[in-house]
Amino acid sequence: MFSSVAHLARANPFNAPHLQLVQDGFAGSRSPGPDALPSQPRRSRTLAAAAVEEQYSCEYGSNRFFILCGIGGIISCEYSCEYGSMKFYALCGFGGVLSCGLTHTAVVPLDLVKCRMQVDPQKYKGIFNGFSVTLKEDGFRGLAKGWAPTFIGYSMQGLCKFGFYEVFKVLYSNLLGEENTYLWRTSLYLASSASAEFFADIALAPMEAAKVRIQTQPGYANTLRDAVPKMYREEGLNAFYKGVAPLWMRQIPYTMMKFACFERTVEALYKFVVPKPRSECSKGEQLVVTFVAGYIAGVFCAIVSHPADSVVSVLNKEKGSTASQVLQRLGFRGVWKGLFARIIMIGTLTALQWFIYDSVKVYFRLPRPPPPEMPESLKKKLGLI
């Protein structure tokens, strides 16, 4: 009756001589019957014997034991945090700081020439002419004007843009439910990115105003330390936030296109271009897809946001002007000045931003959900299964 139990008990490494099961019965206080055969000596295993027989690589509780247990924990745990947790949002915000702060600072020379073409097209007739004139007047150091407000401002913007995007995407997705999240995913991307950019531009506006003054008004100020006090003395806080409305006009459509176009392009690349599912791609292959999708999104971003960018550049240079006055004065052709330079800058910028942001997620082992798939419940409703 107890034969199977006895077999398992004998294989138990914690088996001890005084706790043994005998086949078809228990060995205890009962004395054997007169006809009972003499029992064979049984071999028992103790913890010490098991350790010797199985040849452990280290002693329990040793330093090596704890180190190897830690390594095992890292390997066994696929992600460092839960999707939608505070740690997840914080690290996404940090990824935004690196992706926006570093990339915008790297293209300061191109941004400087672009801004000067927008505010003084008679002097800076094209991108190459703009570089030539700037080098003659200011030398190589002149191409780096405005790097400090660029780095600070766009780092703050990146923190809010990418961090809040993840927050709003989870929030709105929970409100919609699983099925509607899939059906309305493009609208979800647009709404989440627009909400995030609203707050990101408030963080960016002061540094953007200082950057434009430094870059487009020769002799006004050469550094951020000179520009900020001077701007405050002349116009007060209005100097730093008068451009926030046109900044919203420029950045919110830009960011909506940046995120929605990127998300749908990644989905299309894995569906029609990449010859294997995302789960079978290496991390490097996934980052290549991220870069390509980012560049495609960047081109559309530049086109959508360029008219408002021209207005912001002129508005931050001039005192007492309004966005509508600047728009009327520039006209249709004027607002498209510098578009080619902006396409090159924003395309490269957006591709690098997504690449850095996704690399941060890979490095910190953050959850990276695959492209969305239709829920099983929706497939049943549509008769697809």
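1. In this predicted model, lysine 230 places its charged end over the ring of tyrosine 220, at 4.4 Å from the ring's centre. A comparable arrangement involves arginine 185, whose charged end sits over the ring of tyrosine 182, 4.3 Å from its centre.

2. Aromatic contacts deserve attention, for the structure holds 20 aromatic pairs. One of them joins phenylalanine 262 and tryptophan 354, which are stacked, with 3.7 Å from centre to centre and 5° between the planes. This pair links distant parts of the chain, since phenylalanine 262 belongs to helix α12 (residues 244-273) and tryptophan 354 to helix α15, 92 residues apart. Phenylalanine 262 has a relative accessible area of 7% and is therefore buried, and tryptophan 354, at 4%, likewise counts as buried.

3. Another pair, phenylalanine 332 with tryptophan 336, is edge-to-face, with 6.3 Å between the centres and 65° between the planes. Here phenylalanine 332 counts as exposed, at 65% relative accessibility, while tryptophan 336 is partly exposed, at 27%.

4. Phe262 and Trp354 also belong to one aromatic cluster, together with Phe162, Tyr165, Phe259 and Tyr357.

5. On the surface, a nonpolar patch of about 630 Å² is made by Val288, Phe291, Val292, Tyr295, Ile296, Phe300, Leu352 and Phe355. Helices α13 (283-317) and α15 (339-363) each supply at least two of the patch residues, and α13 gives the most, with six. Phenylalanine 355 lies in helix α15 and is partly exposed, with a relative accessible area of 31%.

6. Helix α7 (residues 147-176) has 30 residues and should span 44 Å at 1.5 Å a residue, which agrees with the 42 Å between its end C-alpha atoms. Just after α7, glycine 177 takes a positive phi of about 90°.

Notes. Residues are numbered from 1 along each chain as its sequence is written. This is a predicted model: local features need pLDDT of at least 70, side-chain atom pairs count only at pLDDT 80 or more; totals for chains, interfaces and linings use all residues. Side-chain values use heavy atoms; hydrogens and water are left out. Patches are made of residues with over 30% relative accessible area and no salt bridge: like charges are joined within 9 Å, nonpolar side chains (Val, Leu, Ile, Met, Phe, Trp, Tyr) within 5 Å. Accessible areas come from the Shrake-Rupley method with a 1.4 Å probe; for residues, only the protein chains shown count as cover. A salt bridge is a side-chain nitrogen of Lys or Arg within 4 Å of a carboxyl oxygen of Asp or Glu. Helices (H or I, at least four residues) and strands (E, at least two) are DSSP runs, numbered from the N terminus. Buried means under 20% relative accessible area, exposed over 50%, partly exposed in between (1.4 Å probe, protein chains only). The expected span of a helix is 1.5 Å times one less than its number of residues. Rings of Phe, Tyr and Trp (its six-membered ring) pair if their centres lie within 6.5 Å; planes under 30 degrees apart count as stacked, over 60 as edge-to-face and the rest as tilted. A charge sits over a ring if NZ of Lys or CZ of Arg is within 6 Å of the ring centre and within 35 degrees of the ring normal.
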